[in-house]
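Me: I have a structure open and would like to talk through its packing and its cysteines. Could you go through it with me?

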Amino acid sequence: MGIETSVANKEEEEFCELEKEENQILDPYPNPKGNKNSRGKKGRRRNVKKMVVVSPLQKLYDTCKEVFEVSGRGIVPSPDKIEKMKAVLDDIKPEDVGLSQEMPYFQSPASGRTPAITYLHLHECDKFSMGIFCFPPSGVIPLHNHPGMTVLSKLLFGTMHIKSYDWVVDGPRNESAVANSSEGEVKQSDIQQPQVRLAKVKIDSNFIAPCDPTILYPADGGNMHCFTAVTACAVLDVLGPPYSDPEGRHCTYYFDFPFGNFSVDGVSVSEEERESHAWLQDRGKQPEEFAIVGKLYRGPKMVDN
């Protein structure tokens, strides 16, 4: 979501350290020295097969490795691989990643303070990243993009409002706009001679867990989105490939303005379509009101098979 790299601790020994668990299996056919059966033969020890149970998080990690084996800017996994990933995400519950709504991450802040969002780093490599965003009520991740990336998001619990956009393919790029002051209040300090681009609304609704994972692609599915927590909630995010400035996958934050706020030469939308279109403007930097902190993930672990 644009902040994974900046808030994640990259030291694998800190985030991916395996906790040792001793699971002693008792042999139901003991054969102590000197034990004999009625015929004087030594008792036989039967082989006991140890059942291996793969955790939901481990299954997700293994699936990510398969789905994003070939990964890069604009490379989209095949539909069958996306469906496989979606099915694995759909089965994950909060307890599978060690979360409960009583944790301090999800508590409302003191009055007047901006709710901080907590990011729990799970994994990152050059092909994909995994992480969890923990939102207190009213927490917001501002409108931002995912250049050349495929992103799957699973709402683990709570209610989240998602508003997302896709670029209008045949629309103007980086056009200077003229503000229409009669169409609404606009902060002139924010939009003096703005460079804007036309986008169309993909999603603008509340999601209540449990619900299907959302999926966005490089050119559709709502590549620019904003998350607003209606209640305390948690979102598990998978990005393939992850953000990377050197590879041209830089996170850009946007203002969004109603279509009627600006006029651009040669651009018109029917009255019926105006509500579903907006002008997006590059904010130039991460919004100051966006408060986010990284915390150590302490839930069930994964291993690199």
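Reply: Before we begin, note that this is a predicted model. As for terms, a residue is called exposed when its relative accessible area is over 50%, and buried when that area is under 20%.

Me: Okay, which exposed residues sit on the face of helix 4 turned away from its buried side?
Reply: That face carries Pro-79 and Asp-80.

Me: And which residues of helix 4 are buried?
Reply: They are Ile-82, Met-85, Val-88 and Leu-89. Looking down the helix axis, these buried residues fall within an arc of 125 degrees, so they line one face of helix 4.

Me: What do they pack against?
Reply: The buried residues of helix 4 pack against helix 3, strand 4, strand 9 (214–216) and strand 11. Leaving aside residues up to four places away in sequence, Met-85 touches Leu-60, Thr-63, Cys-64, Val-67, Phe-68, Leu-152 and Val-238.

Me: Which residues touch the most other members in the largest nonpolar core?
Reply: That core has 30 residues, and those with the most contacts to other members are Leu-60, Met-85, Leu-99, Met-130, Ile-132 and Leu-156. Helix 3 gives the largest share, 5 residues. There is also a second, separate core of 25 residues, which includes Phe-133, Phe-227, Ala-229 and Val-235.

Me: Switching to cysteines, how many disulfides are there?
Reply: A search of the whole structure finds 0 disulfides.

Me: Why is Cys-233 not bonded to Cys-134?
Reply: The closest cysteine sulfur to that of Cys-233 belongs to Cys-134, but at 9.3 Å it is too far for a bond, because a disulfide needs the two sulfur atoms within 2.5 Å. Cys-233 is also buried, at 0% relative accessibility.

Methods. Residues numbered from 1 in each chain as written. Predicted model: local features only at pLDDT ≥ 70, side-chain atom pairs only at ≥ 80, totals over all residues. Heavy atoms only, no water. Core = buried A, V, L, I, M, F, W, Y, C linked by side-chain atoms within 4.5 Å. Buried < 20%, exposed > 50% of the residue type's maximum accessible area, 1.4 Å probe, protein only. Helix = DSSP H or I, 4+ residues; strand = E, 2+ residues; numbered from the N terminus. Contact = heavy atoms within 4.5 Å. Arc of directions from axis to C-beta.
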